[in-house]
Amino acid sequence: MNFADLGLSDELLQAVEAAGYTEPTPIQAQAIPQVQMMKDLIAVAQTGTGKTASFVLPMIDILAAGRRRARMPRSLILEPTRELAAQVAENFEKYGKNHDLKLALLIGGVQMNEQVKALDDGVDVLIATPGRLMDLFERGKILLTGCELLVIDEADRMLDMGFIPDIEFICEKLPANRQTLLFSATMPGPIKKLADKFLTNPKHIEVARPATANTDIAQHKVMVSARKKRDVLRHLLRTDNVSTAIVFSNRKTTVRDLAKGLARDGFKVGEIHGDMDQTSRLAELALFKSSEINILVASDVAARGLDVKGVSHVFNFDTPWHPDDYVHRIGRTGRAGAKGRAFTFVTPEDAEAIANVEKLTGMAIPVFNLDGDDGADEAEREPAPERKPRRESRRRSESKPKREAEPADDLPEEDEPVREKPRRAPRSTARKPAERDPAPAEREPAGEPGEWNGPVPGFLGVSAG
Ligand code: ADP
Ligand code: MG
């Protein structure tokens with residue numbers, strides 16, 4: 001199957017070819033015809049499977065017919081973070097270069113005036129994060145009644161970030177006869193409910209990672225004490241054939257310190273976290289993409305879904321608190337057929353967190369043996385957490401509140417800091433908005449029954465090599 005078989009216009013095919021895509025991914029092959037037939041669609045596929053082009057490409061052809069009207073966007077794409085919104089805009093620019101389409105990007109952290117002006121001139125595609133869109137809507141700067149196509153992208157991330165009530169509010173403002181497309185890596189209960197309420201006779205498509213992807217990410221856990229983490233990271237960065245790496249940390253203070261430390265050690269390193277404004281985040285990402293730096297230290301919110309190709313390594317400097325963050329983090333490597341390696345640092349305090357990751361992914365991550373005395377020596381290594389008696393892990397979870405009472409700066413960051421107050425109380429069905437939690441200790445325990453009922457990420461069953 002190639003792109004021409006999908007009945008896309010010649011102008012579009014040229015742009016796709018220029019972008020270097022030769023073949024549609026499985027999700028694109030299945031989703032594009034549905035979108036073209038104006039069907040509502042639920043498309044479930046793991047991160048990195050090419051969901052963006054599944055809607056961007058057919059939308060470009062659909063929107064080529066018809067004309068813009070002031071303040072009434074013709075289509076709306078909702079994204080959970082500014083970076084993802086910016087990436088979708090880039091996709092429209094890349095594939096829509098032979099079309100006359102006007103885009104507006106409505107995201108927090110940038111001046112509102114220009115965004116409003118773009119809207120006034122009329123846009124074909126409005127790409128927005130829910131918070132900023134709600135702001136403008138409530139100020140009467142925008143009308144959604146002319147919006148005939150709605151895309152809810154990265155729906156499970158929206159849920160994580162507490163955006164479901166906002167999305168419901170927005171859906172109610174759109175015409176009822178619109179076309180709605182929902183994309184997600186997983187389908188937890190609240191997302192199913194949202195789809196039931198706001199999609200009409202949706203076509204369901206679900207795509208597993210291609211079998212070849214099974215060996216695309218070699219995962220390891222590195223048993224290490226907290227004070228040895230930095231040494232071990234430096235050691236691995238120097239010895240594991242790292243060409244490009246993203247180093248994830250759970251806290252933005254760690255992101256900053258780590259980036260500083262690595263720079264002092266002569267690494268070409270950048271950082272990306274929620275305290276940085278949009279411009280500096282994108283600038284840092286551009287340096288990474290252009291290979292001026294090859295190591296990016298990142299927090300989850302800032303890095304979520306970032307479209308960075310060819311990352312050879314992902315380091316989880318901290319074991320993620322949420323197991324699904326693990327899946328998203330390691331999804332930065334081994335994308336689109338490229339091989340990747342993922343290392344997760346596990347301290348004794350991370351016993352519960354890593355157990356949750358392994359429960360979710362359905363596999364025990366092989367322990368990486370650090371050789372020699374360069375990193376952590378044998379004595380430093382901790383026993384594998386899964387061998388710990390149950391009791392102990394219980395106790396750990398009970399002691400969490402104290403342990404995690406960090407200074408304010410150490411809290412998990414929020415996206416969309418421009419939004420002052422939630423408009424509505426979160427629904428009881430929605431998961432607690434993880435990224436807005438006052439403290440990690442108050443989060444629901446990860447991996448509760450019913451929390452993850454999307455496809456078992458089979459691609460995580462990977463080699464130790
Ligand atoms: P998702 O939204 O499913 O996580 P993206 O749409 O961000 O995935 O795409 C992941 C990566 O795959 C991007 O780098 C994108 O450029 C690339 N990609 C998408 N479609 C194709 C294709 N047909 N051929 C090759 N690469 C592709
Ligand atoms: Mg995506």
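Start by selecting Asp100 in this predicted model: with a relative accessibility of 58%, Asp100 counts as exposed. Now add Arg68, which is partly exposed at 26% relative accessible area. Their side chains meet in a salt bridge, 3.3 Å from N to O. Asp100 sits in the loop between helix 4 (82-95) and strand 3 (103-106), while Arg68 sits in the loop between helix 3 and strand 2 (75-78), so you are looking at a link between distant parts of the chain, 32 residues apart. Side chains of opposite charge can pair when their charged atoms come close.

Next, select Arg74 and Asp124. Are these two buried or exposed? Arg74 is buried, with a relative accessible area of 13%, and Asp124 is buried too, at 2%. Their side chains form a salt bridge of 2.7 Å, N to O. Arg74 belongs to the loop between helix 3 and strand 2, and Asp124 to the loop between helix 5 (112-121) and strand 4 (125-128), so this pair ties together parts 50 residues apart in sequence.

For a contrast, go to helix 5 and pick Lys117 and Asp121, which lie four residues apart, about one turn of the helix. They form a salt bridge, with the closest N and O atoms 3.8 Å apart. Lys117 counts as exposed at 54% relative accessibility, and so does Asp121 at 52%. Now show Arg68, Arg74, Asp100 and Asp124 together: salt bridges that share partners join them into one network.

Let's move to the interior. The largest nonpolar core has 39 residues, and among those that touch the most other members are Leu76, Ile167 and Leu182. Which helix gives this core its largest share? Colour helix 8 (residues 164-173), which supplies five residues. Then centre on Leu182, whose contacts include Leu41, Ile152, Met187 and Leu199.

Our last stop is a sheet. Select strands 8, 13, 12, 9, 11 and 10: in that order they make an open sheet of six strands with parallel pairing. Strand 8 (217-223) and strand 10 (269-272) stand at the edges with a single partner strand each, so one side of each has no neighbour in the sheet. Neighbouring strands here are turned by 20° against each other on average, direction ignored. Zoom in on strand 8 and strand 13 (residues 340-346), which pair over seven bridges; His220 has Phe343 as its bridge partner in strand 13. Finally, show helix 10 (residues 229-239), which packs on the sheet with its direction at about 165° to that of strand 13. Helix 11 (residues 252-264) also packs on the sheet, touching strand 9, strand 10 and strand 11.

Terms used: Residues numbered from 1 in each chain as written. Chains lettered and ligands numbered in written order. Predicted model: local features only at pLDDT ≥ 70, side-chain atom pairs only at ≥ 80, totals over all residues. Heavy atoms only, no water. Pairing = 2+ DSSP bridges. Helix = DSSP H or I, 4+ residues; strand = E, 2+ residues; numbered from the N terminus. Axes fitted to C-alpha atoms, helices over the stretch in contact; angles between N-to-C directions. Contact = heavy atoms within 4.5 Å. Core = buried A, V, L, I, M, F, W, Y, C linked by side-chain atoms within 4.5 Å. Buried < 20%, exposed > 50% of the residue type's maximum accessible area, 1.4 Å probe, protein only. Salt bridge = Lys/Arg side-chain N within 4 Å of Asp/Glu carboxyl O. Lists of a residue's contacts leave out its neighbours within four places in sequence.
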